[in-house]
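Trainee: I should like to go through this structure with you, one point at a time.

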Amino acid sequence: KQRTEYLRPIPDGFDIIYASSVVGDRTGNGQRAIDLWAMNSGSCMSSRIAWGGYIHNHFCSSPGGRYIATNRIMEDTNGNGILDVWDRKQLFILDLEDGNEWPLYPEFNAGWGGIDWSLDGEWIYLSMSRMAWSGGTDIYRMHPDGSGIENLTVGIEKRLGPAGTVRKFVSDVGVSHDGEWIAFLYSPRQGETTVGVTTTKSRIAVCRIDGTEAQFSTDGGTLPSKKRGAWHAGDFDPEFSPDGQEIVFSRMTDSGMNGE
């Protein structure tokens, strides 16, 4: 654990966590820093809760809001001169009450597509790969102190196919409220391609925590598999309804582009 002065507790009644920038705040290489904020959805008042010259990419608060699991883009590992999503992302746990933070598993490229926290506060879920350009990812879970790490999707490409799949890209994990199921983005790989680049549409799949009963929930939509911006056509970002009976997700369409 490391003490830092750049953390603040979430104020009472603030119920949204988001990322934003402040003019003048920069990272070590001079890029605009991206801080973490809390907001009251009723009054729209905001309070900065984590900063310090970092680029926070994905994040989730623990039940009760004391802890934040977040990944930070801290160095230009792909050599393109900027800090972006294609660089290695390191997982941190932030204790907003005590002002401590600690990294977990720095050997992993952590948090592709999002981070989730179980409602009992025991587990953090996220997609990770051991190298920035390994061509394959898996969904892992671990306790906030880093113990009990488990790979939940090892070998799941053999159950979701198609036949001959040797690698897969899985990310965007969501956990059911009862802690029994995960939903995630799934895209098979036939060859040695880089993380984030695929020739097939991504689909939303679900499985039990132990990896069994794996099945697809969506078909990826009607668009042909073609890269649009940073990603190919398909479905992304699943989250379970409170009763676990439905999943909300996003789908790429041809109606326009937001950002890239």
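The exchange below takes up strands, a pocket and salt bridges.

Mentor: This is a predicted model, in which local features need pLDDT of at least 70 and side-chain atom pairs count only at pLDDT 80 or more, while totals for chains, interfaces and linings use all residues. Residues are numbered from 1 along each chain as its sequence is written, and side-chain values use heavy atoms, with hydrogens and water left out.

Trainee: Which are the edge strands of the open sheet of 4 strands?

Mentor: Strands here are DSSP runs of E with at least two residues, numbered from the N terminus, and two strands pair if DSSP finds at least two bridges between them. The sheet has the order β9-β10-β11-β12 with antiparallel pairing. An edge strand pairs on one side only, which here applies to β9 (109–117) and β12 (150–151).

Trainee: Which residue of β11 stands opposite S127?

Mentor: Strand β10 covers residues 124–129 and strand β11 residues 138–142, and the two pair in the antiparallel sense over 5 bridges. The residue opposite S127 is I139.

Trainee: Which strand gives the most to the lining of the second largest pocket?

Mentor: A pocket is an open set of points on a 1 Å grid over the protein atoms alone, where a 1.4 Å probe fits, with protein on both sides within 12 Å along at least five of seven lines; lining residues have an atom within 4 Å of a point. The second largest pocket holds about 300 Å³ of space, the volume being that filled by probe spheres set on the points, which are joined across faces, edges and corners. Strands β5 (55–61), β9, β13 (167–175) and β19 (235–240) each supply at least two lining residues. With 5 residues, the largest contribution is that of β5.

Trainee: Is D35, the salt-bridge partner of R48, buried or exposed?

Mentor: The side chains of R48 and D35 meet in a salt bridge at 3.1 Å, N to O, the criterion being a side-chain nitrogen of Lys or Arg within 4 Å of a carboxyl oxygen of Asp or Glu. Buried means under 20% relative accessible area, exposed over 50% and partly exposed in between, with a 1.4 Å probe and protein chains only. R48 counts as partly exposed at 25%. D35 has 0% relative accessibility and therefore counts as buried.

Trainee: How many residues apart in sequence are the parts tied together by R251 and D235?

Mentor: The side chains of R251 and D235 meet in a salt bridge at 2.6 Å, N to O. Because R251 lies in strand β20 (residues 247–251) and D235 in strand β19, the separation in sequence is 16 residues.
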